[in-house]
Structure formats: structure tokens, C-alpha cells
Amino acid sequence: MKLWQKEGVVTDDQIERFTVGRDREMDLYLAPFDVLGNLAHATMLQQIGLLNGQELLLLKAQLLAIYGEIEAGEFEIEEGVEDVHSQVELLLTRQLGDIGKKIHAGRSRNDQVLVDMKLFTRDRLWAVAEATRRVFDQLVARSEMHKADLLPGYTHLQIAMPSSFGLWFGAYAEGLADDMLTLQTAYRFANRNPLGSGAGYGSSFPLNRTLTTELLGFEGMHVNVVYAQMSRGKTEQIALNALASVASTLSRMAMDICLYNSQNFGFLTLPDALTTGSSIMPHKKNPDVAELLRAKTNRLKALPMEVTLVMNNLPSGYHRDMQLLKEVLMPAFDELLDCLNITAFMLENLEVKPNLLDSERYDLLFSVERVNALVLQGVPFREAYQTVGKEIAEHTYTAPRQLNHTHEGSIGNLMNDRIVQHMDAAMAGFGNDRVTEALNSLLSPMTDDQESL
């Protein structure tokens, strides 16, 4: 069964295999969202007179039953059925006959795909935001826990100035707070309703797009029906750029962990349970988790370019090229969520080594402290700099290990509370509570008043 198939017309098997590709596999991601779109569309059709109250009641009951099957993991796209939209309509038609066939009025498969993709992307971006917040909270907690544990700071991979694990953990926390802004932007772009745009040119039916916007909890609609179709590809690219932003923060932290866990640095330790061994060297405890995290997140950073290349120079309107974007976008959410979960597990278990800077090898880290001490005594900075440089060259330099960093965001004044406020504000900007409320209402059984319409 195909929504577009005409009687007596049969597509060649080779053409069908090539054009469908992995679409049926990817469409399983969309199943719950296709039901949500159908629920909103059916409600709107009843409101404009294309369905009566009894027909809506029957359609909603059957759609809720299908949604239950999806939640229970019992939904499948049957052999010979092209996509999730065809499967849902087939199930409705089996149970309700002609009533099931009415649900496609005023709609194209194009805007069905669009609304499903918007709902899917919005949902997964919020899942990523919540997982990112869990990692963020761990980083802030460990920053506070280890604010007194000093760490060598590096520039050009040369020891530079004293840092701390409080700063190190806190830096990645603030990075994720900034990443949350990119997730919020992607979420808000996905949170716009394309339903009613049809094949990209609207409909002669008096569709109520404002109603479906409200029913699906969208922040607003893509107003122009041509642009609604043009948002395909743009939605995916913005979402993948947001995922790449989070992935970039995780990949850099993974590299630090690999470096700091090595014997040459020895700043932190991964417990045995988080490492793997060597088939030939019995002493090895390899940070494979951090290495794979680095590789997986680096690979995620390449995905926005895949979308760019698929969409490159396409004119307005729908093109089948866009089908391939599902294969880029959908698994990316699973990959990043897996990376965030393993990062949380790793952060919970890694061990920080205290008293690192007590070693003489880090004496030079405190050279700027010596320069600043001279400046506070009235020596001009450039002269103080030259004096300390001469002391180092002549081996008369003594490291002043007493630190007095008090300004905002420094070793002695992390201001993690300000970073938490930044994260709280970013998450509040999603407006996800409104979405949850709307979808819960859409998925609730019809009331007596609604049934009497």
C-alpha cells in the first residue's frame, strides 16, 4: 500500500528498493509522532466540518490504541507497506473502513513527514538537553568538590600557570551551558508547525492551522506554506549543529581525560572497571572509553556538512533527496545520548590526584606569582618580568606557592553559582512545559462534551 499509488500502476522492484532505501527503518523513529500529527489533524478536520463528532471519536480511539502499541514496542511497518504514514492509515482503514480513509483530507505526505520530523526533532533535542544537564550538574558538583586541588595549566602543551580541578571541571560545565543555548535555538526552530502546508502550496480546504499548532504544543507555525517545505533540511542542519556543539565540548574533555590519565601526566585515574588491558603488555590500563567517546563525538561534528551537501543548490519545493536526511539525523541523537550517558558514568568514577603542584617539576608554574609579588611591591611590570626571567636563567628563582586569586572566575572565586544561573536560564528558554501539557491533552481520551459534538 502506498498513499500515492494509482490503480493498475506497479513500480518496478528495483526502483522501489532504491527509492525506499532505509526509509522504513528510519520511519520507526517517527511512529509516535505520526500518531500525534494524525490526532491533531483529525481534531482540526472535525472542527472545520470534514469529520463529524462520531467519526472523530472513532478515529481518536483507534489512534490512541496504535499509540499504545508503539509505546509497548509492538508496532511494525508491515512488508509491502512503504512508510509509517501508510501503515498508520492502513491500520485505521482496517478498523474503521472509509472513516480511516478520510484522515488524509487536506494533507500531503510532504507535510506529514514535515510535522513528524519537527515533533521527533523537538522531542529528541529536549532529551539531549536533559542528558546534557545531568552531565553539567556532575561537573559543577565535582568543581566544588575539588576547588582546592591544584592542577598544572598549559599553553602550547608547556606548563604555564597554576590551575585547579575546580577550574577544569567548571570550564566544561560552562561550555555545556553555552551549548544549551544552541540546543534551545534548534529546539525553538523545530517547535514550529508546518502542518497544513500540504505539498508546499496549501489547500483549498479551510484548514485551521492555528488549531493544530496549539494542539501539538508548537510555539508558532511556519506561516508561508512554501517556506514550511523549505524548512526541511534547515531543521535538520540546525539540530545537527547543536548536537555538534555539545559533541565538541565532550570530545575536548575526552582528550583531556586521555592525556591526564597517562603516566606522563598522572593527574587523574580511571578505575580499573573503566579501562581495558593489552593482549601483550600486562601493565596496560587503557582509557578506551574516553578514546571512543572522543572518536564518536568527533564524528558527530561532521554531520552538519552531510546535510549541507544533500541540500546544496536544491531549488524550492520538495525533492526526494531530502529523504536521506533521516539517516543522518535520527541515529545522531542516539549516538550523542549514549555519549552523554557514558560521560556521566565516567565523571562519577574518575579519581583526582591531590597535591600535584607540590612537586619541584612544577616550580616554574608560579613564575607569574613571583612577577606579581614584585609588582605589588612597586616594581614596574616589565622590570619585574625581566628580573624573574633572570632568576630562572641563573637558577636563583624560588617558587612562591601561596596563591591569592580572588577575581571572578579564578581559582579562588569559581562563581559556579553564576554558571548554574546561565544554565537555568538556557533551559527555561525551551518552554518544554507547554509542549508536555499540550501533548498530554492531545493523548487523553475525549471528554463527554467532545463526544457530543
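Select Y154 to begin: this residue is partly exposed, with a relative accessible area of 26%, where buried means under 20%, exposed over 50% and partly exposed in between, for a 1.4 Å probe and protein chains only. The model on display is predicted, so that local features need pLDDT of at least 70 and side-chain atom pairs count only at pLDDT 80 or more, while totals for chains, interfaces and linings use all residues. Residues are numbered from 1 along each chain as its sequence is written, and side-chain values use heavy atoms, with hydrogens and water left out.

**Aromatic rings**

A search of the whole structure gives 16 aromatic pairs, a pair being two rings of Phe, Tyr or Trp (its six-membered ring) with centres within 6.5 Å, called stacked if the planes are under 30 degrees apart, edge-to-face if over 60 and tilted for the rest. Add F265 to the selection, and the pair that Y154 and F265 form is a tilted one, with 5.8 Å centre to centre and 50 degrees between the planes. This pair links distant parts of the chain, 111 residues apart, with Y154 in strand β1 (residues 150-155) and F265 in the loop between α10 (234-261) and β5 (268-269); helices (H or I, at least four residues) and strands (E, at least two) are DSSP runs, numbered from the N terminus. Extend the selection to F165, W168, F169, Y172, Y260 and F267, which ring pairs link with Y154 and F265 into a cluster.

Next, show R122 with F218, where the arginine lies over the face of the ring at 4.9 Å from its centre, and then R382, which lies over the face of Y385 at 5.0 Å from the ring centre. A charge sits over a ring if NZ of Lys or CZ of Arg is within 6 Å of the ring centre and within 35 degrees of the ring normal.

**Helix packing**

Two packed helices are described by the angle between their axes and the distance between the axes. Select α3 (residues 53-71) and α4 (residues 84-96), whose axes come within 10 Å and cross at roughly 125 degrees; axes are lines fitted to C-alpha atoms, for helices over the stretch in contact, and angles run from 0 to 180 degrees between N-to-C directions. The helices α3 and α4 are therefore oblique to each other, given that angles under 35 degrees count as roughly parallel, over 145 as roughly antiparallel, 65 to 115 as roughly perpendicular and the rest as oblique. Their contact (heavy atoms within 4.5 Å) is made by L58, L59, Q62, L63 and I66 of α3 with V88, L91, L92, Q95 and L96 of α4.

Move on to α6 (residues 109-145) and α16 (residues 416-428), where the axes come within 11 Å and cross at roughly 175 degrees, which makes α6 roughly antiparallel to α16. Among the residues that meet here are W126, R133 and F136 in α6 and I419, M423 and M427 in α16.

Stay in helix α16 and pick H422, which is partly exposed at a relative accessible area of 24%. Which residues does H422 touch, not counting those up to four places away in sequence? H422 touches A177, D178 and L181, and the C-alpha atoms of H422 and A177 are separated by 6.4 Å although their positions lie 245 residues apart along the chain as a sequence separation.

**Positive phi**

Finish with L157, in the loop between β1 and β2 (158-164), where phi is near 60 degrees, a positive value in a residue other than glycine; L157 is exposed, with a relative accessible area of 60%.
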